[in-house]
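Me: Could you take a close look at a single helix in this model for me, and walk me through the side chains along it? I'm in my first year, so please spell out the terms as you go.

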Amino acid sequence: MGEIVMRVPEDVERYLTPGLRRKIEIEALREIEARLLKAKKFIELAEGSELDEKKAEKLAEELKKALAERYGVI
C-alpha cells in the first residue's frame, strides 16, 4: 500500500483539533475505499465482457445487417 498525503492550508490547519483531524482522515479513507471498490467492479465487468475476435466479427456483421435493414438498404 502507498502513503496518502493530505495538504491542508496553514490558515485552516491551526483550527483542526486532533479529533477533527482524525475524523477528516477517516472520511477521506472511506471515500477512497468506495472509489476503489467501484473501480474494481468496473474492471471485473470489463474483463468479463471481453470478446474474442470471432465473436466480435459476428456481432459486427449482425449490427451491420440490422442497420441496413432498419434504413432500407437491404
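Reply: Let's start with what a helix is here: helices are DSSP runs of H or I with at least four residues, strands are runs of E with at least two, and both are numbered from the N terminus. Helix α2 covers residues 18–48, and L29 lies in it.

A quick word on the ground rules. This is a predicted model, so local features need pLDDT of at least 70 and side-chain atom pairs count only at pLDDT 80 or more, while totals for chains, interfaces and linings use all residues. Residues are numbered from 1 along each chain as its sequence is written, and side-chain values use heavy atoms, with hydrogens and water left out.

Now, the charged pairs. A salt bridge is a side-chain nitrogen of Lys or Arg within 4 Å of a carboxyl oxygen of Asp or Glu. By that rule the count comes to four salt bridges. Take E31 and R35, one of those pairs: their side chains meet with N to O at 2.8 Å. E31 and R35 are four residues apart in helix α2, so about one helical turn separates them. E25 pairs with R22 in a similar style, the closest N and O atoms being 3.2 Å apart. These two also lie in helix α2, three residues apart, again about one turn of the helix. Why does that spacing work? An α-helix has 3.6 residues a turn, so residues three or four places apart point the same way. R21 forms a salt bridge too, with E13, and there the closest N and O atoms are 3.4 Å apart.

How open are these side chains? Buried means under 20% relative accessible area, exposed means over 50%, and partly exposed is in between (1.4 Å probe, protein chains only). R35 counts as exposed because its relative accessibility is 57%. E31 has 41%, so E31 is partly exposed. R22 is partly exposed at 47%, and E25 is partly exposed at 30%. R21 also comes out at 30%, partly exposed, and its partner E13 is partly exposed at 35%.

Back to L29, which counts as partly exposed because its relative accessibility is 44%. L29 belongs to a nonpolar surface patch with I4, M6, L20, I24, I32 and L36, and together they have about 600 Å² of accessible area. Patches are made of residues with over 30% relative accessible area and no salt bridge, joining like charges within 9 Å and nonpolar side chains (Val, Leu, Ile, Met, Phe, Trp, Tyr) within 5 Å. The areas come from the Shrake-Rupley method with a 1.4 Å probe, and for residues only the protein chains shown count as cover.
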